[in-house]
Amino acid sequence: MDKRAADRRIKELREEINYHNYLYYVLDSPEISDAEYDRLMQQLAGLEKAYPPLITTDSPTQRVGAPPLEEFKSVTHTIPMLSLSNTETEEETLEFDRRIKRFLHLHEEMGIEYVAETKLDGLAVEVVYEGGILTVGSTRGDGFTGEDVTLNLRTIKTIPLNLIKRHEPAPERLEVRGEVFLKLRDFRELNRKREESGGQLFANPRNAAAGSLRQLNPNITAKRPLDIFFYGTGEVRGRRFETHWDVLNTLKSWGLKTNPLNRLCYGIGRVIEYYKEIGNMRDSLEYEIDGVVVKVNSLELQDRLGAVARSPRWAIAYKFEPRQGTTKILKIEAHVGRTGILTPVAIMEPVRIGGVTVSRSTLHNQDEIDRKDVRAGDWVLIQRAGDVIPEVVKVITSKRTGEEIPYRLPDRCPVCGSDALKEDVYYRCTGINCPAQLKERIRHFASRRAMDIEGLGEKLTEQLVDKRLVKNLSDIYYLTKGQIAALERMADKSAQNIIDAIEASKGRGLSRVVFALGIRHVGEHTGKVLAQRFGDIERLLSAREEELLETNEIGPEIAQSVIKFFSQDDNKKEIKRLRDAGIRFPIIQTAREGKLQGKVFVLTGTLKSWTRDEAKERIESVGGHVTSSVSENTDFVVAGEEPGSKARKAKELGVKIITEDEFLKML
Ligand code: 5U1
């Protein structure tokens, strides 16, 4: 290919890749497979390698690889980034509405049109596009001046380097604002890795996002799966807007990801309903939010309302209950996990935090205890984020009396008495028959996302292990009804239910078994990857390290752990006993090609036949996918019993609603 042809093809490829990024990240509705996407990227990289002068900074190949900076430069925002006043109660929010009407001389009965959005607990940034190309990105800083974090923001895949111009041309200049955040799952994974490598843990997703974005080395930021939702603009040249809703929709059409939970609300009553709906969803969202933001929709009214001090009169943050609280540590105990690691746990006076009673909190390891100087008897600040285990943020040293007792992890397992040896930052119990480890392994094996054995809970597990009826995981499948019925708090009927649940778990499929075995570094997702790649437990048992390493997403750490696990005779015996007991190892397909290929589903209400997770798994197995909220991109809303607001929303948007029976037929 000559240079002219290469130039043309490079431009085509960039546009195509940008468009597929938009479909994937903004619309959540990809049209090509990951492999096809990778092929486009490889083609582009190949051509750019052949013609280096054709490389431009807005090419999708140029997100990462910039050298570390010495320091951040400062950036002055053209229009200051304001902060929001808060309301905490319904009455305060109603007063916000009344205040607006008074200011605008409107009748108090009149309904104002608002836009309600989730308030993400992340880090506010501003990104500037000139002629549709990303030029500068900065943190909010003090609202007037922030830090130039352009190179770091460029590594975030959901921030386009080039705006999409299919729907309308890019404006001459666009300053767009949003919140950078880390999903809870990614936050936990990041902390898990830091814990493993002995690094300091981040206290919450917000700190992790801020720490990741304020890195002088953009290659570190690139490794953190940061995400963003855009929510407003600074200066815009070359495009006028009438309403904030118009702003949000236009940002989306330019490829700037907005939150699908945003809503147009007519009147403050709808805003309060929205606040309650989002409050109910708060614990099941993938990211941490701390309230909802309410904004007057009309930009003309926003102008008339203006700002007081540094907060606009036309917007507020209607906050949720805080997720921090203070309490006293009664004692610190060592808890033995399924891999034998001794984890110090603070047992505290129960305290309500964000609607949940908290009485235990992990202290992670001895280094963390020493770093925070946590002692038994201390008053501490506790915080919980989403469904993440509560954390001790810090000790309130001003409340110390001198009676507090420093803590050291024991050098013997508190359960079986075996030596506990130090490995990196951990102490690990060396007892191969340690009942505490076995109990934790059973808990994991039977958990909902693994073999999902209903009824095999903590109390029953205790008895099964203490009475030596279960000495290995596979023993679960050899239990008799008589043995279970003879245990405390068990009767004929409950014993039969347990036996039925154990029987039902035999058909859960290879990926769940692989996850349930508790192989180090093999989580739920890796279980699926391994099951897809090897298809059968025998193939996985005999997999060589090279084969594992050739598998997408499997690195040396996982490969070695899998090899080590399956090379142990005890584990080989376990697999044989599981098979002999009737465990079936079919792969539950998670194919990309299927009869519901590319179709987007939302589930609402209670399904009779399946749990939400099972329904999701089935949909994905035939190529569809499931999202949590209804939008124009949703193909079907499956309405179970007592469908919620999602069905209402589907009606409003004209999205097809199907019954559970219709859904079953479809599958
Ligand atoms: N979703 C959202 N978050 N947030 C934060 N919108 C939004 N708007 C903000 C802020 C500080 O400020 C403007 C209303 C000025």
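**Group meeting talk: a ligand and three sheets**

Okay, let's start right at the ligand: Lys295 has a polar side-chain atom sitting 2.8 Å from one of the ligand's nitrogen atoms. Before I go on, please keep in mind that what you see on the screen is a predicted model.

Lys295 has company. Glu117 also brings a polar side-chain atom to 2.8 Å from a ligand nitrogen. Then there's Thr118, where it is a backbone N or O atom that lies 3.2 Å from a nitrogen of the ligand. And how much of the ligand's accessible area does the protein cover? On its own the ligand has 370 Å², and the protein covers 83% of that.

So who else is around the ligand? Besides the three I just named, you'll find Leu82, Leu84, Tyr231, Val293, Trp314 and Ala315. If you sort the shell by character, six residues are nonpolar, one is polar and two are charged. Which elements give two or more residues to this shell? Those are β3, residues 113-120, and β10, residues 289-296.

Now find those two strands in the picture, since we'll stay with them for a moment. Both belong to an open sheet of five strands, and if you walk across the sheet, the order is β2, β13, β10, β3, β9. The pairing there is mixed. At the edges you have β2 (85-87) and β9 (263-266), each pairing on one side only. Neighbouring strands in this sheet are turned against each other by 35° on average, ignoring direction.

Let's zoom in on one pair. β3 and β9 run antiparallel, with four bridges between them. If you want a spot to click on, try Tyr114, which stands opposite Cys265 in β9.

Let's step back for a second. The domain assignment splits the protein into five: domain 1 is 3-62, domain 2 is 91-319, domain 3 is 324-399, domain 4 is 430-588 and domain 5 is 600-666. Measuring from C-alpha atoms, the centres of domain 3 and domain 5 are 39 Å apart.

Next, a little hairpin. Strands β21 (residues 420-423) and β22 (residues 426-429) pair in the antiparallel sense over four bridges. Lys422 has Tyr427 in β22 as its bridge partner. How many residues lie between the two strands of this hairpin? Two, and Asp424 in the turn has a positive phi of about 50°.

Last stop: another open sheet, this time with four strands in the order β24, β23, β25, β26 and with parallel pairing. Its edge strands are β24 (625-626) and β26 (656-659), and each of them pairs on one side only. In between, β23 (residues 600-604) and β25 (residues 636-639) run parallel, joined by four bridges. Across that pair, Thr604 stands opposite Ala639 in β25.

And that's my tour. If you go back to one place afterwards, try Lys295 and Glu117, each with a polar side-chain atom 2.8 Å from a ligand nitrogen. Thanks, everyone!

Definitions and conventions
Residues numbered from 1 in each chain as written. Predicted model: local features only at pLDDT ≥ 70, side-chain atom pairs only at ≥ 80, totals over all residues. Heavy atoms only, no water. Domains from an automatic or database assignment. Near = heavy atom within 4 Å. Polar contact = N/O pair within 3.5 Å; in protein donor to acceptor, adjacent residues only side chain to side chain. Areas by Shrake-Rupley, 256 points an atom, 1.4 Å probe, with all protein chains shown as cover. Nonpolar A, V, L, I, M, F, W, Y, C, P; charged D, E, K, R; others polar. Pairing = 2+ DSSP bridges. Axes fitted to C-alpha atoms, helices over the stretch in contact; angles between N-to-C directions.
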